[in-house]
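Biologist: Please show me the model, and then we can go through it by question and answer.

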Amino acid sequence: MFIKPLGVPFPYLTKALMWPSPLFSFASSDTPKTQHVLYPGESSLIKGASEKRERDFCAGRYCAHQVLGRLGYEGIPVLKDINGAPTWPMNIVGSISHSGEVAIAVAAYTEHIRSLGVDIQEHGKPFPRDVLYSFFRSEEINAILKVQPTLISYHAYAIFSAKESVLKCCYTAFGYLLEFTDISIEMDLAGGNFSVRIPQHSIGEGFCNRNRLLSGQVSIDDSYIYTGIWLKREHSSK
């Protein structure tokens with residue numbers, strides 16, 4: 001169900017409903033977590049980290065443990081690869097994000113889902129205008145500047161978040177780290193969704209064509225914007 005939270009001018013699909021069960025396992029946390037929630041091997045990943053970084057990492061791993069437990073992988077640590085991305089059990093694909101006081105994780109069986117990406121952005125402050133020309137394409141900037149002035153930050157944060165989700169999804173699917181400007185997002189906040197193009201890049205054909213882009217969704221509450229996207233296995237009927 002789409003609802004409109006207090007102070008937000010758009011209807012939205014709640015962050016949990018963005019990831020339909022039983023295809024996906026979803027978990028979120030809005031309370032601080034410490035290293036007592038970590039599994040063996042995970043603490044070494046944040047050795048020397050700042051207090052905030054440690055808190056964010058612990059909350060994200062806590063959520064990852066929750067989703068894995070529901071998929072039958074109780075007690076499995078979530079480590080990281082050479083690029084810092086979380087590593088999941090062989091038959092699982094997943095994604096983690098955190099911002100402000102909220103962390104979320106989503107996971108699914110690779111039998112049905114090839115890759116996925118999730119992201120959170122806190123929208124309480126105006127979006128920094130100097131970032132637009134570093135991370136956004138010209139068509140995205142033009143679209144942002146055309147909306148009502150009071151809505152510009154919502155759109156900018158949503159596009160930025162969608163790019164983060166796509167980056168994670170593409171990395172899992174293709175093992176390639178795209179640049180922000182490789183990705184073009186067309187955002188429909190009122191509809192709760194976004195579309196993706198990856199022009200002038202070999203990944204674009206595999207990601208955006210062949211009917212494999214099944215979902216690009218966005219939801220908003222009073223403090224955060226959430227985005228998510230996934231690629232379905234071509235042979236999967238679910």
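The questions below deal with cores, a helix, a cavity and a peptide bond.

Modeller: This is a predicted model, in which local features need pLDDT of at least 70, side-chain atom pairs count only at pLDDT 80 or more, and totals for chains, interfaces and linings use all residues. Residues are numbered from 1 along each chain as its sequence is written, and side-chain values use heavy atoms, with hydrogens and water left out.

Biologist: Which element gives the most residues to the largest nonpolar core?

Modeller: A nonpolar core is a set of buried Ala, Val, Leu, Ile, Met, Phe, Trp, Tyr and Cys residues joined through side-chain atoms within 4.5 Å; buried means under 20% relative accessible area, exposed over 50%, with a 1.4 Å probe and protein chains only. The largest one has 38 residues, and Val166, Ile185 and Met187 touch the most other members. Elements giving two or more residues to this core include helix H3 (138-146), helix H4 (152-174) and strand E7 (184-188), where helices (H or I, at least four residues) and strands (E, at least two) are DSSP runs numbered from the N terminus. The most, 13 residues, come from H4.

Biologist: Against which elements do the buried residues of H3 pack?

Modeller: The buried residues of H3 are Glu140, Ile141 and Ile144. Seen down the helix axis, they fall within an arc of 100° and so line one face of H3, the arc being that of the directions from the axis to the C-beta atoms. The face turned away from this buried side carries the exposed Ser138 and Lys146. With contact meaning heavy atoms within 4.5 Å, the buried residues of H3 pack against helix H2 (132-135), H4 and E7.

Biologist: Which element gives the most residues to the lining of the largest cavity?

Modeller: On a 1 Å grid over the protein atoms alone, a cavity is a set of points where a 1.4 Å probe fits but cannot get out, and lining residues have an atom within 4 Å of a point. The lining includes Arg55, Asp56 and Ala59. Two or more lining residues come from each of helix H1 (51-70) and strand E5 (102-109). The most, three residues, come from H1.

Biologist: Which peptide bond is cis, with omega near 10°?

Modeller: Most peptide bonds are trans. Pro22 is found in the loop between strand E2 (12-13) and strand E3 (25-29). The cis bond, with omega near 10°, runs from Ser21 to Pro22.

Technical notes. 1 Å grid on protein atoms, 1.4 Å probe; cavity = no way out; pocket = protein on both sides within 12 Å on 5 of 7 lines; lining within 4 Å.
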